[in-house]
Amino acid sequence: MKLTPGKLTPGKLTQGQLAEFDEQGYLFLPDCFSDEEVAVLRREAEAIYATDRQEVWRETSGAPRTAFAAHTYNEAFGILGAHPRLIEPVEQLFGEKLYMHQYKVNAKAAFDGEVWQWHQDYGTWARDDGMPEPRAMNIAVFLDEVMAINGPLMLIPKSHRHGTLAAGHDRQTTSYPLWTLDKETVTRLVEDGGVVAPTGKPGAVLMFHGNLVHGSAGNITPFPRKIVYLTLCAVSNHIRKPTRPDWIAHRDFTPIQAVPDDALLAYARSHRAAAE
Ligand code: SIN
Ligand code: MN
């Protein structure tokens with residue numbers, strides 16, 4: 001697997017990284033957030049999953065699948081949603097200000113985390129939300145160690161170059177409806193690009209193009225695999241015809257103003273001090 005060495009420097013993807021993103025459709029950046037920064041998010045995620053709010057979507061077993069919109073009701077996830085290490089590289093790629101189209105804290109719970117079938121996110125943003133162009137992308141932060149065994153996100157490199165592919169609306173396989181790709185399409189794309197599953201420690205960051213095909217298998221291990229996904233959309237590309245609730249596809253198109261780089265650390269320290 002191809003690893004991009006080094007930290008994510010705010011606003012400064014190198015020419016090499018930009019070229020790699022263009023060719024492969026993703027960038028994997030280990031060591032972007034420290035243990036101290038990630039530990040507080042991990043605790044807050046567990047607390048959110050334990051609540052009974054509509055934004056927490058559950059697997060058929062009742063285990064948490066994802067918590068939507070956590071940046072709107074949780075301060076630590078709010079800070080992460082405006083973090084310069086995530087906002088600035090995506091701003092750099094799109095060349096304009098961003099708003100938050102979607103925000104998910106995916107659980108992939110120990111033993112009970114279910115599959116995410118092969119799909120392209122822009123397929124859903126276009127069909128369900130009326131997003132004009134694939135000028136939005138996910139930038140993800142690993143909250144737990146993502147291993148080969150606990151349902152890592154799998155990507156098909158170069159698949160973003162095929163545009164928006166035909167998909168079927170699958171409401172059966174899991175608790176969550178998804179526009180999924182058929183086996184023939186996935187086979188054809190994998191013959192060209194292969195499959196990668198970036199693994200790494202909490203604090204790693206993975207960004208990928210809205211048309212990059214991805215999915216993940218179930219987790220039958222005792223190790224949870226939490227990942228936060230910010231879906232950042234260029235403001236001029238805001239959605240036009242939403243059909244999903246506003247806590248899944250946001251209607252607030254206000255440009256995100258990044259917080260200071262140490263804001264999450266300051267939050268972690270003040271809340272640890274308050275707890276002691
Ligand atoms: C997604 O595709 O939106 C999530 C996949 C995962 O977290 O495994
Ligand atoms: Mn997805």
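Q: What is the order of the 7 strands in the open sheet that contains β1 and β2?
A: The order is β1-β10-β6-β12-β4-β3-β2, and the pairing is antiparallel. Strands here are DSSP E runs of at least two residues, and helices are H or I runs of at least four, numbered from the N terminus.

Q: What kind of model is this, and how are its parts numbered?
A: This is a predicted model: local features need pLDDT of at least 70, side-chain atom pairs count only at pLDDT 80 or more, and totals for chains, interfaces and linings use all residues. Residues are numbered from 1 along each chain as its sequence is written, chains are lettered from A and ligands numbered from 1 in the order written, and side-chain values use heavy atoms, without hydrogens and water.

Q: What makes β1 and β2 edge strands?
A: Each pairs on one side only. β1 spans 26-29 and β2 spans 56-58. From one strand of this sheet to the next, the twist averages 20°.

Q: How do you know that β2 and β3 are paired?
A: Two strands pair if DSSP finds at least two bridges between them. β2 and β3 have 3 bridges, so they count as paired, in the antiparallel sense. Arg58 stands opposite Pro64 in β3.

Q: Which strands does helix α2 lie across, and at what angle does it run to β3?
A: Helix α2 (residues 35-49) lies across β2, β3, β4 and β6. Its angle to β3 is about 105°. Axes are lines fitted to C-alpha atoms, for helices over the stretch in contact (heavy atoms within 4.5 Å). Angles run from 0 to 180 degrees between N-to-C directions.

Q: Which strands lie under helix α5's path, and what is its angle to β6?
A: Helix α5 (residues 84-94) lies across β4, β6, β10 and β12. It runs at about 155° to β6.

Q: Why are β5 and β7 said to stand at the edges of their sheet?
A: The open sheet of 3 strands has the order β5-β11-β7, with antiparallel pairing. β5 and β7 each have a single partner strand, so one side of each is left without a neighbour in the sheet.

Q: How many bridges join β7 to β11?
A: There are 2 bridges. At least two are needed, so the two strands pair. In β11, His214 is the bridge partner of Leu155.

Q: Why is Ala69 called buried?
A: Buried means under 20% relative accessible area, exposed over 50%, and partly exposed in between (1.4 Å probe, protein chains only). Ala69 has 1%, so it counts as buried. It sits in the loop between β3 and α3. Its phi is positive, about 60°, although it is not a glycine.

Q: Is Lys158 buried, exposed or partly exposed?
A: Lys158 is partly exposed, with 28% relative accessible area. Lys158 is found in the loop between β7 and β8. Lys158 has a positive phi of about 75°, although it is not a glycine.

Q: Why is Gln120 called buried, and what does it touch?
A: Its relative accessible area is 2%, so Gln120 is buried. Gln120 lies in the loop between β5 and α6. Not counting residues up to four places away in sequence, Gln120 touches Ser159, Gly163, Thr164, Leu165, Gly210, Asn211, Leu212 and Val213.

Q: What makes α6 largely enclosed by the rest of the structure?
A: Of its 9 residues, 7 are buried, so α6 is largely enclosed. Among the buried ones are Tyr122, Thr124 and Trp125. Just after α6, Gly130 takes a positive phi of about 70°.

Q: What makes a space a pocket, and what volume does the largest one have?
A: On a 1 Å grid over the protein atoms alone, a pocket is an open set of points with protein on both sides within 12 Å along at least five of seven lines. Lining residues have an atom within 4 Å of a point. The largest pocket has a volume of about 390 Å³ (the space filled by probe spheres set on the points, which are joined across faces, edges and corners). Its lining has 27 residues, and Thr124, Tyr176, Pro177, Leu178 and Arg244 are the closest to its centre.

Q: Which element gives the most to the lining of the largest pocket?
A: α6 does, with 4 residues. By class, the lining has 12 nonpolar, 10 polar and 5 charged residues. Ala, Val, Leu, Ile, Met, Phe, Trp, Tyr, Cys and Pro count as nonpolar, Asp, Glu, Lys and Arg as charged, and the others, Gly among them, as polar.

Q: What lines the second largest pocket?
A: It is lined by 16 residues, with His71, Thr72, Met100, His250 and Asp252 nearest its centre. α3 and β4 each give two or more residues to this lining. The classes are 6 nonpolar, 7 polar and 3 charged. The volume of the second largest pocket is about 280 Å³.

Definitions and conventions: 1 Å grid on protein atoms, 1.4 Å probe; cavity = no way out; pocket = protein on both sides within 12 Å on 5 of 7 lines; lining within 4 Å.
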